[in-house]
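Reader: I would like a close look at one part of this model, the sheet made of the most strands together with what packs around it, and I would be glad if you then set it in the context of the rest of the chain. Please keep apart what sits inside and what is open to the outside.

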Amino acid sequence: MKYVVLGASAAGINAVKTLRQLDKDSQITMISKDENIYSRCMLHHVISEHRQLDSLNFVEENFEEEYRVNWIKGCTVKSIDIENKFIEMKEDNKKIQYDKLLIATGASSAMPPIKNLKESNFVYGLRNIEDVYNIREKAKSCKKITILGAGLVGIDALVGLLEYENLEISVIYREPFILNRQLDEYSASIYENKFTEIGIKFYPNASVKEICIDSSKNITGVLLDDGTCIECELAIVATGVVPNANFIDKDIIKYDRGIVIDDHCKTNIENIFAAGDVVGKNAIWPIAVKQGIVAAYNMCEIKKNIDDDFIYRNTMNFLGIPTVSLGIVDNIDKDCVVKIIKDKNGYKKFIIKNNKLKGCIIQGDISYVGVFTQLIKNNIEVDNLENRIFDIGYADFFSIKGNGEFCYNI
């Protein structure tokens, strides 16, 4: 059996590990444009120089030898010949044969259709280590930086830049508050106020009309629709991602804002699977890992499903304020009951429906988050939950098995 895995990030790496665990003898080839393995979730730590590239590596030092994988580095895929089952490479038109194929090529920073954006110098996404090196080098010599987008990537970029002295940072976003997919207006305002105190300028509900450039095409500013011009010498675009799937024939492999997969991570084409950001939804690390593992099982013809619908979990700790958001925290069903408490320990918001916890935001004291995670994940019904939610802890689910072993009934 010849397994080929495209991509060397969360989904691809975990697929390779699982394939080797399940199949000790078959050939595994991994192809990636990256020449290093690193966690993209932590790239902002390289901007701040708190970490170096090698400290972002999440595999064993002898990964290739231990898992007996042929890793073809620094290469991109030109096309897939489905009928003859081979991959053609861009660099030298080399063809790699496969029996089972996993597409785990991830995603790239989306560049919105803004005038001069693509032509401008010193405008970068924050997706690859090369982006980080470019941002870090320019940040050392400039005075004004603008970040487009205020989701997790945008705010991570902001935090990475805080280490640079005398730097004026502006954050522009279309939404009414930052981190709008993870937080609500109040919990977001806690961060916004803290950032504002240290000099960060926020531009909510703003649309960018044009990137201003000079005769050398270097960025000089960002022009908003209302006529406001924000001067800058560097811009970071954090307005979302687009799946790296330009090498597939979308008339053959089903595609809808990402490669479409079933519960086994199979595409509509026999022996071709997909996992991670390339499937175009829920682009978070734990889901990519799980999809890579599930895909590997099914590539080995061991049936395994993506059986966990709980995919919305975000943790963050900006400026020393820990926050966790779980489940559904926006677009709340009208039948839900919302319970909120604000005190010296922080902020807690719970969304409850029919005695089941559907979502929550915990900011400050994040004790018992594990309990809330399990309640949401397993859709557990708790009697009189509306009145008990602020007092629930691990003890509520503590019990002793018949053999005397301690356990939690969650």
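Author: The account below starts with that sheet and then moves outward to its surroundings.

The model is predicted, and every statement should be read with that in mind. The part you ask about is an open sheet of five strands, which run in the order β19-β20-β23-β22-β21 with antiparallel pairing. Its edges are formed by β19, residues 313-318, and by β21, residues 337-343, each of which pairs on one side only. On average, and with direction ignored, neighbouring strands of this sheet are turned by 10° against each other. At one end of the order, β21 is joined to β22, residues 346-353, in the antiparallel sense through seven bridges, and within this pairing V337 stands opposite I352. Helix α8, residues 369-377, packs on the sheet, where it touches β19, β20, β22 and β23, and its direction makes about 155° with that of β23.

The sheet is also tied to the interior through its edge strand β19, which is among the elements that give two or more residues to the largest nonpolar core. That core holds 42 residues, of which L158, L161, I178 and Y191 touch the most other members. The other contributors of two or more residues are α2, α4, β10, α5, β11, α6 and β16. Y191 falls within α6, residues 185-197, and, apart from residues up to four places away in sequence, Y191 touches I178, L179, L183, M316, N317, F318, I321, P322, T323 and Q363. Among these partners, M316, N317 and F318 belong to the edge strand β19, while I321, P322 and T323 belong to β20, and Q363 belongs to β23. Two more of the highly connected core residues, L158 and L161, are buried residues of α5. This helix, residues 152-161, is mostly covered, with seven of its 10 residues buried, and the buried set also includes G154, I155, D156, A157 and G160. In soluble globular proteins, nonpolar side chains tend to be buried together.

A residue in a nearby stretch of sequence gives a contrast with this interior. N180 is found in the loop between β11 and α6, and because its relative accessibility is 25%, N180 counts as partly exposed. Leaving aside neighbours within four places in sequence, N180 is in contact with E175 and D330. Its C-alpha atom is separated by 20 Å from that of I341, a residue 161 places away along the chain that lies in the edge strand β21.

Elsewhere in the chain there is a second, separate core of 29 residues, which includes A10, M30, V69 and A296. Of these, A296 is one of the buried residues of helix α7. With 15 residues, 285-299, α7 reaches 21 Å from its first C-alpha to its last, close to the 21 Å expected at 1.5 Å a residue. Because 11 of its 15 residues are buried, α7 is largely enclosed by the rest of the structure. The elements against which its buried residues pack are β1, α1, β7 and β18, and A10 of the second core lies in α1, residues 10-22. Beyond the helix comes E301, whose phi is positive, near 60°.

The loop that leads from β17 to β18 contains N244, which at 16% relative accessibility counts as buried, because the cut-off for that term is under 20%. The side chain of N244 reaches the backbone oxygen of A107 at 3.4 Å, and, with residues up to four places away in sequence not counted, N244 touches K33, T105, G106, A107, S108 and V278.

Finally, a sheet of three strands can be set beside the one you chose. This open sheet has the order β13-β14-β15, again with antiparallel pairing, and its edge strands are β13 and β15. Its neighbouring strands are turned by 20° against each other on average, direction ignored. β13 pairs with β14, residues 219-224, over five bridges, in which V208 has L224 as its bridge partner and E210 has L223. These two strands form a hairpin with five residues between them, and K217 in the turn has a positive phi of about 70°.

Key. Residues numbered from 1 in each chain as written. Predicted model: local features only at pLDDT ≥ 70, side-chain atom pairs only at ≥ 80, totals over all residues. Heavy atoms only, no water. Pairing = 2+ DSSP bridges. Helix = DSSP H or I, 4+ residues; strand = E, 2+ residues; numbered from the N terminus. Axes fitted to C-alpha atoms, helices over the stretch in contact; angles between N-to-C directions. Expected span 1.5 Å × (residues − 1). Buried < 20%, exposed > 50% of the residue type's maximum accessible area, 1.4 Å probe, protein only. Contact = heavy atoms within 4.5 Å. Polar contact = N/O pair within 3.5 Å; in protein donor to acceptor, adjacent residues only side chain to side chain. Core = buried A, V, L, I, M, F, W, Y, C linked by side-chain atoms within 4.5 Å.
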